[in-house]
Amino acid sequence: MNLLNGKEVSAKVLVQIAQEARDLSVQPCLAVIIVGDDPASRIYVNNKKKACEQVGFRSLEFALPTETGQEKLLSLVDELNRDASVHGILCQAPLPRGYGYDERAVCRAISPAKDVDCFHPETAGKLLLGEAGFLPCTPAGVIALLDDAGISLSGKQVVIVGRSNIVGKPMAILALRRDATVTICHSKTKDLAKITRRADILIAALGKLHFITAEMVKDGAVVIDVGMNRMEGKKVRGDVDFENVAGKCSFITPVPGGVGPMTIAMLMQNTLTAAKMAANIC
Ligand code: NAP
C-alpha cells in the first residue's frame, strides 16, 4: 500500500503558487467571510488564512456576529464584489441556523469572477459544459493528488459515494473529463458494497465515520477518503476504515493529511487564477 500524502503534495503546489504570485504585478487577495462561532468553521478559516500567508497573498477576514442577518451579509458581499483589490471571495459554510440565512442566495451573490469556491451556478454550469473557469477545490485536489502519483483515470471505474454539490457531483464531472467511467452512489443506492467493489478508484465523500470497510473495497483499488468527521477534541477521522482497508488497496489517502490540505491548495490556485484574470493575464 502507498500513501497519497496530501500534506506533501499540497506543500509542493503551494511553493509553485507562491513563485507565480511573486511574478505577478498584483498581489492576489482572498476575502473570507465567517458568520457566527462554529469551532470547525474557525479552524477551516484559520487554515485558509495560513495558506494565504504561505503563498504571499493578502487575506481579509470578515468575522460577523451570528445575528448579522442575510441583508447585511449580502451587502458585504456586494461591497467585496465591487472592490477591485479583492480577487476571491468565499463565505464559510455552514451559516448559523435559525437566523434566516439563505446559503444559496449568498453563493449566487458572489461575482462569478471572484467565485473561488465554485458555488455560483454560472461556475457550476461552466464546469458541466467543460468551459474554462475555476475548478471546485476538493475534487480538483483529488485529481491533483492522483496526478502527482501518476495514477491515470482514463478507462477506470471510478465510484463516488456521495452526491453533494460540493464534492460528489463536481468530482464526477472532473473524473469524466479524465475519461473515467463514473458511478455516483448515495443514501438510496441499493447493494452499495457490490458497486464499490467494482471500483478501480473509490472516492468516499459521505461524512460517516469509517463507513467504507475492507469488504467494500476491491484488492488493489485506489481509495480516496474525502470525509472529515470531527471526533472529541480537534481530531479528524475519515469515512474509510483506514486500518483495515489500507492492507487491501494500492493507494490510500490518510485523514488528516490527505484530501484536506489539497482542497486548500486548490483554493489558493483559484485565487491566483482570479488575480490573473483581473489583471488580464489569462
Ligand atoms: P453532504 O452534503 O452531507 O453529502 C453526503 C452525501 O453522502 C449525500 O449525497 C448522501 O446521500 C450520501 N450518503 C449519506 N449516507 C450514505 C450512505 N449510508 N450510503 C451512501 N451514501 C450516503 O456532505 P459533503 O459536503 O459532500 O461532505 C462529505 C464529507 O466530506 C464530510 O465528512 C465533509 O466534512 C467532507 N468534506 C471534506 C472536504 C475536504 O477538504 N477534505 C471538503 C468538503 C467536504 P443523499 O444525497 O442521498 O442524502
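**Exercise 1. In which sense do β2 and strand β3 pair, and over how many bridges?** Work it out, then look at how β2 sits in this predicted model.

*Solution.*
Step 1. Get the ranges: β2 covers residues 29–35, and β3 covers residues 58–64.
Step 2. Read off the pairing. β2 and β3 run in the parallel sense, with seven bridges between them.
Step 3. Pick one bridge to check by eye: isoleucine 33 has phenylalanine 62 in β3 as its bridge partner.
Step 4. Now check burial, using the cut-off of under 20% relative accessible area. Seven of the seven residues of β2 are buried.
Step 5. Sort the side chains by direction. In a regular strand they alternate between the two faces of the sheet. In β2, Cys29, Ala31, Ile33 and Val35 go one way, while Leu30, Val32 and Ile34 go the other, and all are buried.

**Exercise 2. Find the strand order in the six-strand open sheet, and say why β1 and β6 each have one side without a neighbour.**

*Solution.*
Step 1. Walk across the sheet: the order is β1-β11-β8-β7-β5-β6, and the pairing is parallel.
Step 2. Look at the ends. β1 (2–3) and β6 (181–185) are the edge strands with a single partner each, so one side of each has no neighbour in the sheet.

**Exercise 3. Zoom in on β8 and trace its links to β7 and β11.**

*Solution.*
Step 1. Start with β7 (residues 201–204), which is parallel to β8 and joined to it by four bridges. One partner pair to click on is alanine 204 with aspartate 225 in β8.
Step 2. Move over to β11 (residues 251–252). Here β8 (residues 222–225) pairs in the parallel sense over two bridges.
Step 3. Place the residues: valine 222 sits opposite phenylalanine 251 in β11, and valine 223 has isoleucine 252 as its bridge partner there.
Step 4. Split β8 by direction. Val222 and Ile224 point one way, Val223 and Asp225 the other, and all of them are buried.

**Exercise 4. Is valine 255 buried or exposed? Locate it first.**

*Solution.*
Step 1. Valine 255 is in the loop between β11 and α10.
Step 2. Its relative accessibility is 18%. The cut-off for buried is under 20%, so valine 255 counts as buried.
Step 3. Try a distance check too. Between valine 255 and glycine 6 the C-alpha to C-alpha distance is 9.4 Å, although they are 249 residues apart in sequence.

**Exercise 5. Describe the surroundings of the ligand.**

*Solution.*
Step 1. Count the shell: 20 residues surround the ligand, and the closest are Arg163, Ser164, Ser187, Met228 and Thr263.
Step 2. Sort the shell by class, which gives nine nonpolar, nine polar and two charged residues.
Step 3. Ask which element gives the most. That's helix α10 (residues 259–278), with three residues.
Step 4. List some polar contacts. Ligand oxygen atoms lie 2.7 Å from a side-chain N or O atom of arginine 163 and 2.5 Å from one of serine 164. A ligand nitrogen atom is 3.4 Å from a backbone N or O atom of histidine 186.
Step 5. Finish with coverage: on its own the ligand has 920 Å² of accessible area, and the protein covers 72% of that.

**Exercise 6. Where are the two assigned domains, and how far apart are their centres?**

*Solution.*
Step 1. The assignment gives domain 1 as 25–111 and domain 2 as 137–259.
Step 2. Their C-alpha centres are 28 Å apart.

Technical notes
Residues numbered from 1 in each chain as written. Predicted model: local features only at pLDDT ≥ 70, side-chain atom pairs only at ≥ 80, totals over all residues. Heavy atoms only, no water. Near = heavy atom within 4 Å. Polar contact = N/O pair within 3.5 Å; in protein donor to acceptor, adjacent residues only side chain to side chain. Areas by Shrake-Rupley, 256 points an atom, 1.4 Å probe, with all protein chains shown as cover. Nonpolar A, V, L, I, M, F, W, Y, C, P; charged D, E, K, R; others polar. Domains from an automatic or database assignment. Pairing = 2+ DSSP bridges. Buried < 20%, exposed > 50% of the residue type's maximum accessible area, 1.4 Å probe, protein only.
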